[in-house]
Amino acid sequence: MNNNTNIRRISWVTLGLFGLCAGTQATESGSPTTAVGVYDFGAGMTPPVTPNGTLGLRTSFYSTNVQKNSQGRAVDNHLSLDVLSIGVAYLRMTDYRVLGAQYGFGAIVPFFKMDASLQVPTPGGPLELSADPFRMADAQVIPLILQWSLSPNLFVNTQFQIQAPTGDYDKNRLVSPGLNHWTFSPLLNATYLSDTGFEVSSSFQVDVNTRNPATHYKNGVEYRHEFAVGQHFGPWTAGLGGYYYRQFSDDDAPNLTRGNRARVMAVGPAVSYMAPGLPPLWLHVYKEFDARNRAEGYTVALRISHSF
């Protein structure tokens with residue numbers, strides 16, 4: 001049996017972002033469908049109204065070499081995965097009012113550089129799989145952003161995001177930047193800033209996924225809470241940020257064991273810089289822990305934006 005035949009026979013357990021054994025992962029990709037670690041300080045604040053909108057750049061690096069099972073124990077599958085993501089975002093806030101809020105819209109186009117390897121047991125012995133694509137991932141369209149400034153200290157916005165299957169995808173490849181299905185995500189973001197400069201920000205998101213027509217796999221409903229707490233010092237804000245991710249419902253696919261839901265938490269230092277006349281930037285370093293049915297690693301992310 002040649003190597004390509006082996007890959008096809010086990011492709012249903014080697015799909016998407018992590019390509020890990022079905023007994024020790026949940027979601028088809030083995031990772032959250034949409035990006036985590038996006039929001040930290042200022043989550044409840046959108047860019048200002050400008051004639052041409054705001055252009056943003058987010059780059060992040062995720063690395064892991066461990067997969068956790070449903071009991072939180074490491075799986076001996078020689079996993080190695082590094083993902084460099086580069087995303088270009090455009091947001092446009094307007095003077096139009098909807099329900100008393102400023103209306104806006106946006107879009108995000110990401111690219112992934114992925115370097116993955118994995119050892120899969122077969123009757124003929126361990127099969128070494130690897131892939132290193134650098135391609136476009138799934139684009140996101142945000143047709144609805146509503147921003148409320150409820151007081152000088154409290155800012156809230158809600159968004160509706162659509163992730164389209166525009167990314168490069170191959171069901172027989174160990175990893176693919178694209179996921180080959182649609183995702184619909186409502187978000188609620190809030191920031192409270194005290195008179196003394198203490199900030200608490202949170203972002204809540206739910207992902208509802210369609211079925212992947214190439215594999216007939218459908219991810220369960222996913223939930224994410226991102227957060228940041230810190231103190232402002234002039235143009236700087238420093239503190240802690242992180243996220244909590246969990247599946248609300250089971251995945252659905254042929255021959256799939258139910259009840260295998262993923263979860264993970266992450267926390268680490270976060271800092272932002274905002275000064276008049278200069279592009280704002282955000283930086284955080286998060287370490288994941290308490291993973292179940294998915295990989296556990298760390299991520300470093302940097303965001304910068306400029307309004308025109």
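**Patch, strands and salt bridges**

Tutor: Phe61, Leu84, Leu283, Val285, Tyr298, Val300 and Leu302 together make a nonpolar surface patch of about 490 Å². Strand 14 (281–292) and strand 15 (294–307) are the elements that give two or more residues to this patch, and strand 15 supplies the largest share, three residues. The model is predicted, with local features needing pLDDT of at least 70 and side-chain atom pairs pLDDT 80 or more, while totals for chains, interfaces and linings use all residues. Residues are numbered from 1 along each chain as its sequence is written, and side-chain values use heavy atoms, with hydrogens and water left out.

Student: What makes these residues a nonpolar patch?

Tutor: A patch takes residues with over 30% relative accessible area and no salt bridge, and nonpolar side chains (Val, Leu, Ile, Met, Phe, Trp, Tyr) are joined within 5 Å, whereas like charges are joined within 9 Å. The areas come from the Shrake-Rupley method with a 1.4 Å probe, only the protein chains shown counting as cover for residues.

Student: Why is phenylalanine 61 called partly exposed?

Tutor: Buried means under 20% relative accessible area and exposed over 50%, with partly exposed in between (1.4 Å probe, protein chains only). Phenylalanine 61 has 30%, and is therefore partly exposed; its place is in strand 1 (residues 54–68).

Student: How do you know that strand 1 and strand 15 pair?

Tutor: Strands (E, at least two residues) and helices (H or I, at least four) are DSSP runs numbered from the N terminus, and two strands pair if DSSP finds at least two bridges between them. Strand 1 and strand 15 run antiparallel and are joined by 13 bridges, which meets that requirement; one of the bridges sets threonine 54 against serine 307. Strand 14 pairs with strand 15 in the antiparallel sense over seven bridges, with leucine 283 opposite leucine 302. These two strands form a hairpin with one residue between them, and asparagine 293 in the turn has a positive phi of about 55 degrees.

Student: What makes aspartate 40 and arginine 303 a salt bridge?

Tutor: The term requires a side-chain nitrogen of Lys or Arg within 4 Å of a carboxyl oxygen of Asp or Glu. Aspartate 40 and arginine 303 meet at 3.1 Å, N to O, which satisfies the cut-off. Aspartate 40 lies in the loop between helix 1 and strand 1 and arginine 303 in strand 15, so the pair ties together parts that are 263 residues apart in sequence. Both aspartate 40 and arginine 303 are buried. By this rule the count comes to eleven salt bridges, and Lys68, Lys287 and Glu296 are linked in a network of them.

Student: Why are glutamate 226 and arginine 224 called buried?

Tutor: Glutamate 226 has 1% relative accessibility and therefore counts as buried, and arginine 224, with 4%, is buried too. Their side chains meet in a salt bridge of 2.6 Å, N to O.

Student: How do you know that the radius of gyration agrees with a compact globule?

Tutor: The radius is taken over C-alpha atoms, and the globule rule is 2.2 Å times the number of residues to the power 0.38. For 308 residues a compact globule would have a value near 19 Å, and the chain has 20 Å, which agrees. The C-alpha trace spans about 65 × 35 × 30 Å along its principal axes, and 50% of the 308 residues count as buried.
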